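Visitor: I should like to be guided through this structure, one question at a time.

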Amino acid sequence: MTDAKPDSSALIRSQTVTRYITPLREGGSLPALAEADDDFKYVVKFRGAGHGTKALVAELIGGEIARAAGLRVPELVFLTVGEDFGRTEGDEEIQDLLKASIGLNIGLHFLSGALTFDPVVNDVDPMAASRIVWIDAYLTNVDRTTRNTNMLVWNRELWLIDHGATLYFHHSWRDLDKAPLTPFAYIRDHALLRYATHLEETDSEMRRLLTDGVIDCIVDNIPAEWLVYDEVGHNDAEAREVYRNFLKTRRDNSHIFLKQAIDARSKLI
């Protein structure tokens, strides 16, 4: 599947963090609400947190893949943390995190006044549910459950947040040829699986939208400094190629995880 790359408007903006507002302790990686030099507020994911830059890579790929698939995701922005940032922070844990995060991090545009999506309370369109389930099975997202939906309602619309738990294969960096072909059994725990009544129809749509050009553009946006993994000898080009292969091979073999999702859903209804 080939296509021209999207135009440069798909490139991610870069800003500098100017003010640390508050930690968001409900997140396991201790993200924070902060303000940047464009005067906008962002939920910042820090490179110094537990999973390091791999969580930032997952956030970028997961968020931009979902956006390319027509789903609503807050704008992702590269955010630079300077050496002086956070020195006045009184919490030693947070100060250590900020010191370890000097350089390039990632942020999501803060959706002020947004409410957590609850599938029991909030209505969800079956087609939207099917697209979200498909994307999360594709990206192997283990963190969109009823306990933690990672979805918000903002301006009466459904928005997806927090894709740092996608692409879990890259934490072990083993069996790279097999990783794209896994059925992803964890889809059984997805918060929207029950409502995903158009999975087969969605499969055709997603395979059409996620062209080679779209995938290449997203992977090309990953900063080289985030890809200095020990597993590939700090070779960012090789690491980048692993992500390209995973995303394209998994798309081309979507029948594997699609069947898993359909079978898991049949056990709920």
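**Strand pairing and nonpolar cores**

Guide: In this predicted model, Thr116 has Leu152 of β7 as its bridge partner.

Visitor: How many bridges join β6 to β7, and in which sense do the strands run?

Guide: The pairing of Thr116 with Leu152 belongs to this pair of strands. β7 covers residues 151-154 and runs antiparallel to β6, and the number of bridges joining them is two.

Visitor: Which strands stand at the edges of the open sheet, and why is one side of each without a neighbour?

Guide: The open sheet has three strands in the order β6-β7-β8, with antiparallel pairing. Each edge strand has a single partner, so one side of it is left without a neighbour in the sheet; these strands are β6 (115-116) and β8 (157-160).

Visitor: Which residue stands opposite Val44 in β5?

Guide: Strand β3 comprises residues 41-45, and four of its five residues are buried. Antiparallel to β3 runs β5 (residues 103-109), joined to it by four bridges. Opposite Val44 in β5 stands Gly107.

Visitor: Which residue in the turn between β2 and β3 has a positive phi?

Guide: β2 (residues 32-36) pairs with β3 in the antiparallel sense over four bridges, and Ala34 stands opposite Tyr42. The two strands form a hairpin with four residues between them, and the turn residue with a positive phi, about 70°, is Asp39.

Visitor: Which residues have the most contacts inside the largest nonpolar core?

Guide: Apart from the largest core lies another of 17 residues, including Ala34 and Phe46. Tyr243 has contacts with Val57, Ile61 and Trp173, among others. Within the largest core, of 64 residues, those with the most contacts are Ile61, Ile135 and Tyr243.

Note on methods
Residues are numbered from 1 along each chain as its sequence is written. This is a predicted model: local features need pLDDT of at least 70, side-chain atom pairs count only at pLDDT 80 or more; totals for chains, interfaces and linings use all residues. Side-chain values use heavy atoms; hydrogens and water are left out. Two strands pair if DSSP finds at least two bridges between them. A nonpolar core is a set of buried Ala, Val, Leu, Ile, Met, Phe, Trp, Tyr and Cys residues joined through side-chain atoms within 4.5 Å. Buried means under 20% relative accessible area, exposed over 50%, partly exposed in between (1.4 Å probe, protein chains only). Contact means heavy atoms within 4.5 Å. Lists of a residue's contacts leave out its neighbours within four places in sequence.
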